[in-house]
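Colleague: I've got a model open and I'd like to learn how to read its features. Could you walk me through a few?

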Amino acid sequence: MSEFLLLLLGAALVNNVVLVQFLGLCPFMGVSNQLDTALSMGLATTFVLTLASAAGWVLEHAVLAPLGLEFLRILSFILVIAAVVQFTEMVIRRLSTPLHRVLGIFLPLITTNCAVLGVALLSVQERHGFLHSLGFGFGSALGFTLVMVVFAALRERLAVSRVPAAFAGAPIGFIVAGLLSLGFLGFAGLDFA
Amino acid sequence: MYTAIPVLTLMGLALGYALGMAGRYLKVEEDPITGEIEALLPGTNCGQCGLPGCSAAAQALAQGQAPVTLCPPGGRELARQLAQKLDVQADLSALEADTGPVFAHIDPERCNGCTRCFKVCPTDAIVGANRQMHAVFPEACNGCGQCVAVCPLQGITLQPPAPSLQSWRWPLPETH
């Protein structure tokens, strides 16, 4: 159990997908202007990432590895991720129309979020078992959501603060992202042993 | 490589089939009236009703949250059709000033070819190029007026269509 918890923490903080591995930077910069949309994006990505890493494990161990087709990994993972995203959209639309309206435009964007593909690929590379893959995906997604929320909150405050004209807008956003990334590198010192 | 081709093909077919079945089972029953109303609306998402796009407007209309007179490009005729479709009494007094369809008209004396108007046109009814004079296709224009707002030279006006052989009438007698 504690091992599982460490996996979650490690994926969420120490090896944070956005700020340490620099994956999924497009939604990180693009959808972080408002706190609530950032949170929605984070939650939708959490759902897809967890499902996709599980689907990736099944695909790898049921199809690709037995047939010796590991070189098809990237291509087939993208195929599966796209299908999972489409399926997620259908389910959300069926279950909750308001949620679909909030997440609507973000859901197809997740297909092209490289964090989803990256986490599935990393999980295979690290030879995780099925539950560990699921945990690794969920932890990474939690880390993604956390960073999205933190960054969106920072940017909401930046929007009302006095920024020198040369840095206004995206530049100060990049600087803040860099500082945040430096901060997250500090988690590398966490001793889990 | 020869295993890769059938495996990928099968995978694509299986996923496509699964998604198709999921789409059938998870189908959302939409109110058919919403689709019918959306078909009546211009469909250009110009946003003048204050709602985000024509499908949102159709939903608001179907739920009775918006008046049938909400669509300025549709004008009086659309309000009449919507009232008929929804079986409500339309209050057309707000459209008293609506005397018929209007189309954008670019004043050739003023146009300097800045291309701003055709970038905002939701129906691609304006043709032109940088530093070339622009013109409007009345067949495609729905009179939403977005180009009027962006023209930096106030060179676009909404005008009724030029009289044709079918629409020409004797002018009303004038008293002096």
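Modeller: Sure. Let's start with an annotation from a record: in UniProt, an unreviewed entry gives "transmembrane region" for residues 6-26, 38-59, 71-92, 104-124, 130-154 and 166-190 of chain A. Keep in mind that the model is predicted.

Colleague: How do I set such spans against the coordinates? What are the helix and strand contents of residues 71-92 of chain A?

Modeller: That span is 91% helix and 0% strand. Its end C-alpha atoms lie 33 Å apart. For residues 130-154 of chain A, the figures are 100% helix and 0% strand, with 36 Å between the end C-alpha atoms.

Colleague: Next, helix packing. Which helices do the buried residues of helix 1 of chain A pack against?

Modeller: Here's the general idea: an α-helix has 3.6 residues a turn, so residues three or four places apart point the same way. Now the case here. Helix 1 of chain A runs over residues 2-14, and its buried residues are Leu7(A), Leu8(A), Gly10(A), Ala11(A), Ala12(A), Leu13(A) and Val14(A). They pack against helix 8 (130-159) and helix 9 (170-185) of chain A.

Colleague: Let's zoom in on Thr50(A). Is that residue buried or exposed?

Modeller: Thr50(A) counts as buried because its relative accessibility is 16%, and the cut-off for buried is under 20%. The residue belongs to helix 3 (residues 35-67) of chain A.

Colleague: What is Thr50(A) in contact with, leaving aside neighbours within four places in sequence?

Modeller: With that exclusion, the contacts of Thr50(A) are Leu134(A), Gly137(A) and Phe138(A). You can also compare sequence with space: Ser133(A) is 83 residues from Thr50(A) in sequence, yet their C-alpha atoms are 8.5 Å apart. For the polar side of the story, a polar atom of the Thr50(A) side chain lies 2.6 Å from the backbone oxygen of Thr46(A).

Colleague: How about surface patches? Which residues form the nonpolar one?

Modeller: The nonpolar surface patch is made of Phe167(A), Ile175(A), Leu179(A), Leu182(A) and Leu185(A), with about 470 Å² of accessible area together. Take Phe167(A): it sits in the loop between helix 8 and helix 9 of chain A. At 37% relative accessibility, Phe167(A) counts as partly exposed.

Colleague: Over to chain B. Where does UniProt place the "binding site" feature?

Modeller: The unreviewed UniProt entry puts "binding site" at Cys111(B), Cys114(B), Cys117(B) and Cys151(B). They are spread over 41 residues of sequence but cluster in space, the largest C-alpha distance being 10.2 Å.

Colleague: What surrounds Cys111(B) and how accessible is that residue?

Modeller: Cys111(B) is in the loop between strand 1 (103-106) and helix 5 (116-120) of chain B, and at 22% relative accessible area it is partly exposed. Beyond four places in sequence, Cys111(B) contacts Ile106(B), Met133(B) and His134(B). Cys114(B) is found in the loop between strand 1 and helix 5 too; at 26% relative accessibility, Cys114(B) is partly exposed. With the near-sequence neighbours set aside, Cys114(B) contacts His134(B) and Pro152(B).

Colleague: Last one, backbone angles. What is phi at Asp87(B)?

Modeller: Phi of Asp87(B) is near 55°, a positive value in a residue other than glycine. Asp87(B) lies in the loop between helix 4 (75-86) and strand 1 of chain B, and with 70% relative accessibility it counts as exposed. Asp124(B) also has a positive phi, about 55°, without being a glycine. Its place is the loop between helix 5 and strand 2 (126-127) of chain B, and Asp124(B) is exposed at 59%.

Technical notes:
Residues numbered from 1 in each chain as written. Chains lettered and ligands numbered in written order. Predicted model: local features only at pLDDT ≥ 70, side-chain atom pairs only at ≥ 80, totals over all residues. Heavy atoms only, no water. Buried < 20%, exposed > 50% of the residue type's maximum accessible area, 1.4 Å probe, protein only. Helix = DSSP H or I, 4+ residues; strand = E, 2+ residues; numbered from the N terminus. Contact = heavy atoms within 4.5 Å. Polar contact = N/O pair within 3.5 Å; in protein donor to acceptor, adjacent residues only side chain to side chain. UniProt positions renumbered as here; feature names shortened; annotations may be inferred. Patch = residues over 30% accessible without salt bridge, like charges linked within 9 Å, V, L, I, M, F, W, Y side chains within 5 Å. Areas by Shrake-Rupley, 256 points an atom, 1.4 Å probe, with all protein chains shown as cover. Salt bridge = Lys/Arg side-chain N within 4 Å of Asp/Glu carboxyl O.
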